[in-house]
Amino acid sequence: MRILLIGGTGFISGEIARLAVGAGHAVTLFHRHAASGGALPALAGDAERLPEHAAALREIAPDLVVHSVCHSEQHARDLLAVFAGTDARLLVLGSQDCYAAFQDTARGRDTADFPIGEDDPLTPIRHYYRDRIPG
């Protein structure tokens, strides 16, 4: 499988790259410092301006795109636009759902100021999604 990893040098994304390569997948990184990709093929670019790199990203013809630095709705929209009309599966990593404020908002309770910060309280709800997704 051809995997495009947007990010790829951080804590979680670096581990994804390592495991994917170990499983025999062809991994290409897209990040700000392509030279730091080591032995993996890499494209230099800023995920904040993903559409500017659309042609190069689509040329990879990935089966799977993992976006590990998707920090806003606009980032997600840009990802969808770049890979629209392709067969690529998109996996977007995020962590907003681990915060108590996110869970309260999802349940219709206005308990926090936004945006959520890294130091905000985490949700005490384990498996929070079980009551949110039918079946």
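Okay, one bit of bookkeeping to start: when I say helix or strand, I mean a DSSP run, at least four residues for a helix and at least two for a strand, numbered from the N terminus. With that in hand, the elements of the protein chain go β-α-β-β-α-β-α-β-α from the N terminus on. That comes to four helices and five strands. And please keep in mind that this is a predicted model.

Let's do the sheet. The five strands make an open sheet, the order is 3-2-1-4-5, and the pairing is parallel. At the edges you'll find strand 3, residues 42–44, and strand 5, and each of those pairs on one side only. From one strand to the next the twist averages 15°.

Now zoom in on the pairing around strand 4. Strand 1 and strand 4 pair in the parallel sense, over four bridges. Isoleucine 6 has histidine 67 in strand 4 as its bridge partner, and leucine 4 stands opposite valine 65, again in strand 4. Move over to the other pairing: strand 4 and strand 5 also run parallel over four bridges, and here valine 65 has leucine 90 in strand 5 as its bridge partner. To get from strand 4 to strand 5 the chain goes through helix 3, and that β-α-β crossover is right-handed.

What about the two faces of strand 4, then: are they covered or not? They are both covered: Leu64 and Val66 are buried on one side, and Val65 and His67 are buried on the other. As background, side chains in a regular strand alternate between the two faces of the sheet.

Helix 3, residues 73–83, deserves its own moment. It packs on the sheet and touches strand 1, strand 4 and strand 5, and its direction makes about 165° with that of strand 5.

On to the cores. The largest nonpolar core has 13 residues, and the ones with the most contacts inside it are Leu4, Ile6, Leu50, Leu57, Val65 and Phe83. Strand 1, helix 2 and helix 3 each supply at least two residues, with helix 3 giving the most, three residues. There's also a second, separate core of eight residues, which includes Leu5, Ala17, Ala20 and Leu64.

Which residues does phenylalanine 83 touch, once you leave aside its neighbours within four places in sequence? The list is Leu4, Leu57, Arg58, Pro62, Val65, Ala88 and Leu90.

That last name takes us to strand 5, residues 89–92, where leucine 90 sits. With the same sequence neighbours left aside, leucine 90 is in contact with Val65, Leu79, Leu80 and Phe83. Its C-alpha is 8.2 Å from that of leucine 80, which is ten residues away along the chain. Why isn't leucine 90 counted as buried? Because its relative accessible area is 33%, leucine 90 is partly exposed; buried would need under 20%.

Also in strand 5 is arginine 89. Is arginine 89 buried or exposed? Exposed, because its relative accessibility is 63% and the cut-off for exposed is over 50%. Beyond its neighbours within four places in sequence, arginine 89 is in contact with Asp63, Leu64 and Val65. Its C-alpha and that of isoleucine 3, 86 residues apart along the chain, are separated by 9.6 Å.

Over in strand 2, residues 26–31, have a look at threonine 28. Threonine 28 counts as buried because its relative accessibility is 15%. Leaving out neighbours within four places, threonine 28 is in contact with Ile3, Leu4, Leu5, Pro41, Ala42 and Ile60.

One oddity in the backbone: alanine 61 isn't a glycine, yet it has a positive phi of about 55°. You'll find alanine 61 in the loop between helix 2, residues 54–59, and strand 4, residues 64–67. With a relative accessible area of 36%, alanine 61 is partly exposed.

Last, the chain-wide numbers. Of the 135 residues in the protein chain, 32% are buried. Among contacts with a separation of 6 or more, 47% are between residues 24 or more positions apart. The protein chain exposes about 8,800 Å², and carbon and sulfur atoms supply 55% of that.

That's it from me, happy to take questions.

Note on methods: Residues numbered from 1 in each chain as written. Predicted model: local features only at pLDDT ≥ 70, side-chain atom pairs only at ≥ 80, totals over all residues. Heavy atoms only, no water. Buried < 20%, exposed > 50% of the residue type's maximum accessible area, 1.4 Å probe, protein only. Core = buried A, V, L, I, M, F, W, Y, C linked by side-chain atoms within 4.5 Å. Contact = heavy atoms within 4.5 Å. Areas by Shrake-Rupley, 256 points an atom, 1.4 Å probe, with all protein chains shown as cover. Pairing = 2+ DSSP bridges. Axes fitted to C-alpha atoms, helices over the stretch in contact; angles between N-to-C directions. Right-handed = clockwise from strand over helix to strand, strands pointing away.
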